[in-house]
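Please open the structure in your viewer and keep the sequence beside it. This tour tells you what to select at each stop and what to look for there.

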Amino acid sequence: MKVTFLGVGEAFDEDYTHTCILVEAAGRRMLVDCGATAPPSVWHQSKRPDYLDGIFISHFHADHVFGLPALMKRMEEDGRTRPFYLFGPVGTQRNVERLMEVAYPGMVARLPFTLRFRELQRSHRWDDWNLRVVNTRHSVQNLGLRLEAGSPTKVFCYSGDGMFTPTASKLYTNSDLLVHDAYSMDGTVKNSRGETINIGTKTHCSVQQLERLDDMARPKKMALIHLNRTLRKDKKEILKKYKQRRWIIPEPRDVIEL
Ligand SMILES: [Zn+2]
Ligand SMILES: [Zn+2]
């Protein structure tokens with residue numbers, strides 16, 4: 001299994017592309033989220049319209065899903081014919097179609113390839129891939145994902161945005177890689193004026209809370225992403241502080257082979 005971090009940024013970072021991860025295994029390629037600023041990173045990866053088999057959408061926030069209309073429109077222009085799969089929470093079809101209609105009116109009806117929506121509630125078998133999801137805590141419904149694929153089987157887990165729950169911790173147990181939201185250090189972030197804003201740990205996870213998750217779920221490796229734009233400047237200090245753990249803070253285009 002090969003994991004490429006195309007984007008690792010939060011919603012309002014001036015330099016970092018929105019969250020977007022490419023997972024490849026058993027002859028199949030799936031994007032995991034595609035925020036508004038992510039499509040160019042996908043096109044740099046490959047210009048082939050059939051390159052991707054589908055996408056997993058963790059939740060409906062612009063920095064995770066607003067890249068979809070451009071992604072699809074370019075597939076259409078470049079001549080995609082085979083179906084494209086969309087996995088996400090209940091309501092995915094309605095939301096994606098609405099988003100596409102607002103972006104390019106008439107687009108849904110004219111698309112020359114089929115969109116196959118799979119709204120996930122627990123688990124879903126996609127040929128050799130096995131997807132399992134649970135709800136986590138965010139300001140909107142958000143799915144944490146466990147993906148098992150390949151031979152030997154590798155396990156990729158992804159938090160989307162939000163704070164983990166005991167059920168999510170169980171879902172992530174013994175994964176080869178857990179990619180997790182680490183928006184703040186301790187539930188506070190700094191704005192551009194240097195003022196401290198208390199965001200708590202109800203809708204986003206903090207680096208400190210990840211210590212607890214790491215101890216419970218014991219992933220072989222954990223990738224911290226979606227760091228707040230001021231917090232990510234402390235990357236070296238964070239990695240130094242947690243150097244006894246198997247944590248990484250990936251940069252765009254970093255690749256992990258599992
Ligand atoms: Zn986000
Ligand atoms: Zn969000």
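Begin by selecting strand β8, residues 129-136, together with β9, and you will see two strands that run antiparallel and are joined by seven bridges. Keep in mind throughout that this is a predicted model. To follow one of the pairings, pick leucine 131, whose bridge partner in β9 is leucine 147. The connection between β8 and β9 is a hairpin, and five residues lead through it.

Stay with β9, residues 142-149, and colour it by accessibility: is this strand mostly covered or mostly open? Seven of its eight residues are buried, so that β9 is mostly covered.

Next, add β10 to the selection, which pairs with β9 in the antiparallel sense over five bridges. Here leucine 145 is a useful residue to click on, since its bridge partner in β10 is tyrosine 158. Between β9 and β10 lies a hairpin with four residues between the strands, and in it glycine 150 takes a positive phi near 90°.

Now move on to the metal ions, and select the zinc ion (ligand 2) first. Which residues coordinate the zinc ion (ligand 2)? They are His59 and His138, each through NE2, His61 through ND1, and Asp161 through OD, at 2.2 to 2.3 Å. Because the four donor atoms subtend angles of 91 to 162°, the arrangement around the zinc ion (ligand 2) is irregular. A tetrahedral site would need all angles to lie between 85 and 135 degrees. Along the sequence, the donor residues of this ion follow the spacing H-x1-H-x76-H-x22-D. Two of these donors link distant parts of the chain, for histidine 59 sits in the loop between β4 (54-56) and α2, whereas aspartate 161 sits in the loop between β10 and α6, 102 residues apart. Histidine 59 is buried, with a relative accessible area of 0%.

Then select the zinc ion (ligand 1), which is 3.7 Å from the zinc ion (ligand 2), and notice that aspartate 161 coordinates both. The protein donors of the zinc ion (ligand 1) are Asp63 (OD), His64 (NE2), Asp161 (OD) and His226 (NE2), and they lie 2.1 to 2.2 Å from it. This site is irregular as well, with angles of 88 to 159° among its four donor atoms. Histidine 64, in helix α2 (residues 62-65), and aspartate 161 are 97 residues apart, and this pair too links distant parts of the chain.

Finish by inspecting these two residues: histidine 64 is buried, with a relative accessible area of 1%, and aspartate 161 is buried, with a relative accessible area of 2%.

Technical notes. Residues numbered from 1 in each chain as written. Chains lettered and ligands numbered in written order. Predicted model: local features only at pLDDT ≥ 70, side-chain atom pairs only at ≥ 80, totals over all residues. Heavy atoms only, no water. Donors = N, O, S within 2.8 Å, 3.2 Å for Na, K, Ca; no water. Tetrahedral: all angles 85-135°; square planar, octahedral: opposite > 155°, others 65-115°. Buried < 20%, exposed > 50% of the residue type's maximum accessible area, 1.4 Å probe, protein only. Pairing = 2+ DSSP bridges.
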